[in-house]
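Biologist: Could you take me through the surroundings of the ligand, step by step? I am new to this one, so please explain the terms along the way.

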Amino acid sequence: MCPEPSSVRPCAGSKTIRRVIAVGLTVCLGGTIQAAGDVEAGRMKADACLGCHGIATYQNVYPTYHVPKLGGQSAAYIVAALRAYKAQDRQHPTMHSQAHDLSDEDMADIAAYFSSLAQVE
Ligand code: HEC
């Protein structure tokens with residue numbers, strides 16, 4: 001799933017952001033540079049995320065708005081998205097506040113945990 005163009009700051013240029021994400025994915029699939037996160041550590045750190053990013057469904061516990069699924073998502077994609085929210089390259093107040101305090105290591109661990117879960121149909 002690609003970030004929706006509407007959620008990308010127009011002046012940042014969505015092409016650049018897509019390229020950054022694409023590079024991130026390539027690096028991870030190559031498995032050489034990006035350090036793999038720790039699934040167990042990520043399980044603890046992801047606790048706060050699960051209230052909204054429920055795994056079994058696309059909806060959060062308040063069935064009023066759609067929250068993207070994370071289970072089975074590529075770790076590189078999750079890290080790229082979190083970095084973009086933190087840097088506000090991807091605009092979303094809720095996810096900015098979620099990503100704001102995460103270190104690179106936290107992001108890698110959380111991403112490893114979510115990507116280790118079964119993909120939701
Ligand atoms: C209060 C609810 C809420 C919480 C808590 C929350 N998220 Fe989110 N998250 C959202 C919503 C809503 C979106 C969709 C935002 C958008 O459209 O860009 C989202 C988007 C994302 C995305 C992008 C998914 C995609 O398909 O592009 C990632 C990755 C993500 N969240 C990770 C996390 C992580 C990791 C945590 C815990 C540290 C977390 N979220 C906590 C509501 C939440």
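Modeller: Happy to! Of the 20 residues around the ligand, those that come nearest are Cys-49, Cys-52, Pro-68, Ala-81 and His-92; a residue is near a molecule if its C-beta atom, placed from the backbone, lies within 6 Å of it. Two elements, α3 and α4 (93-100), each give two or more residues to this shell. Helices here are DSSP runs of H or I with at least four residues, strands are runs of E with at least two, and both are numbered from the N terminus. The shell holds 13 nonpolar residues, six polar and one charged. In that split, Ala, Val, Leu, Ile, Met, Phe, Trp, Tyr, Cys and Pro count as nonpolar, Asp, Glu, Lys and Arg as charged, and the others, Gly among them, as polar.

A word on the source: this is a predicted model, where local features need pLDDT of at least 70 and side-chain atom pairs count only at pLDDT 80 or more, while totals for chains, interfaces and linings use all residues. Residues are numbered from 1 along each chain as its sequence is written.

Now to helix α3, which spans residues 75-87 and includes Arg-83. Arg-83 is partly exposed because 18 other C-beta atoms lie within 10 Å; buried would take 20 or more, exposed 12 or fewer, and partly exposed is in between, with C-beta atoms placed from the backbone. Met-107 is 24 residues from Arg-83 in sequence, yet their C-alpha atoms are 8.2 Å apart.

Ser-74 sits in the loop between α2 (39-45) and α3. Overall, the protein has five helices and zero strands.
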